[in-house]
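Good morning, and thank you for making time for this short presentation. Please take a moment to look at the sequence and the structure before I begin.

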Amino acid sequence: KNITIKNFIDNMEEVMKEYSFFIMTSKYEGFGLVLVEAQATGLPVISFDCKSGPKEIINNNIDGVLVNAENENEMSKAIVSMIEDKEFRKKLSKNAVINSERFRNEKIGNEWKELFEKMIKKKSVWKGENVKIAFLFDDSLELGGTQRVINSLANYFAAYCDHEIELINFYRKSDKRHFEYDPKVKITYLN
């Protein structure tokens, strides 16, 4: 009676602010962008320490809690501890916001921009030319973290760099776009 399963939500950031902490019980993750999104709203996070992803984001017991992969007993104890220890939750919350800053669009976008600029400087052929950057992706997962990252990077490069950006989607043309794109971003569908 105290558990609610929500339908699709457009304003996830606002909804996250209603909660005290975030739990991710994935067995597998590529990165776990949702952990960063939760931390950015001030939510301390608890996650299984699966093979990749969470440990690259969470500093255990500093801005979140990592639980041995698939150890349900340990996960239960971590959840109870988070509920009962308000001071620990506050500490993690404060540190979560600070930790999430290293993943901000502007910071990551600048790092990508610097990387491309270094590549352009090394390749004399590219000097002074407009560089075309293409992101190949599959939106079969609809609103997954990969799509959010690609959207952010494409919009960043379109807005702040003098390069042509093309998103190449090899899955399908969707009638509804899930993200807003800068008008300079070209989208090509292969199917």
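Is Glu-70 buried, partly exposed or exposed? With a relative accessible area of 44%, Glu-70 is partly exposed, because that category runs from 20% to 50%. I should say at once that this is a predicted model, and the values I quote are computed from it.

Let me stay with the backbone for a moment. Glu-70 is found in the loop between β3 and α4, the latter spanning 72-84. Its phi is near 60°, a positive value in a residue other than glycine. As general background, most residues other than glycine have a negative phi. Asn-61 also has a positive phi, near 65°, and is not a glycine either. Asn-61 sits in the loop that runs between α3 (54-57) and β3 (64-68). With a relative accessible area of 37%, Asn-61 counts as partly exposed. A glycine can be added here: Gly-42, just after α2, takes a positive phi of about 95°.

I turn next to the largest pocket. About 2,000 Å³ of space lies in it. It is lined by 50 residues, and those closest to its centre are Met-16, Leu-33, Val-34, Glu-37 and Arg-148. Two or more lining residues come from each of the elements α1 (12-16), β1 (22-24), α2 (33-40), α5 (86-100), α6 (105-122) and α7 (145-160). Which of the elements gives the most to this lining? The answer is α7, with 7 residues. Sorted by class, the lining has 26 nonpolar, 16 polar and 8 charged residues.

One of the elements in that list, α2, deserves a further remark. Its buried residues are Leu-33, Leu-35, Val-36, Ala-38 and Gln-39. Leu-33 therefore appears twice in this account: it is buried in α2, since its relative accessible area is under 20%, and it is among the residues closest to the centre of the largest pocket.

The last topic is the salt bridges. How many does the structure hold? There are 8 salt bridges, and I shall describe some of them.

In helix α6, Lys-107 forms a salt bridge with Glu-111, and their closest N and O atoms are 2.5 Å apart. The two residues are 4 residues apart in that helix, about one turn. In general, an α-helix has 3.6 residues a turn, so residues three or four places apart point the same way. Lys-107 is partly exposed, at a relative accessible area of 38%, and Glu-111 is likewise partly exposed, at 40%.

Helix α5 offers another case. There the side chains of Lys-90 and Glu-87 meet in a salt bridge, at 3.8 Å from N to O. Because they are 3 residues apart in α5, about one helical turn separates them. Lys-90 counts as partly exposed, at 47% relative accessibility, whereas Glu-87 is exposed, with a relative accessible area of 53%. The boundary that places Glu-87 in the exposed class is 50%.

Finally, Glu-14 forms a salt bridge with Lys-17, with 3.5 Å between the closest N and O atoms. Glu-14 is partly exposed at 45% relative accessibility, and Lys-17 is partly exposed at 48%. These two residues belong to a network of salt bridges that also links Glu-13.

That concludes my presentation, and I thank you for your attention.

Terms used: Residues numbered from 1 in each chain as written. Predicted model: local features only at pLDDT ≥ 70, side-chain atom pairs only at ≥ 80, totals over all residues. Heavy atoms only, no water. 1 Å grid on protein atoms, 1.4 Å probe; cavity = no way out; pocket = protein on both sides within 12 Å on 5 of 7 lines; lining within 4 Å. Points joined across faces, edges and corners; volume = space filled by probe spheres on them. Nonpolar A, V, L, I, M, F, W, Y, C, P; charged D, E, K, R; others polar. Buried < 20%, exposed > 50% of the residue type's maximum accessible area, 1.4 Å probe, protein only. Salt bridge = Lys/Arg side-chain N within 4 Å of Asp/Glu carboxyl O.
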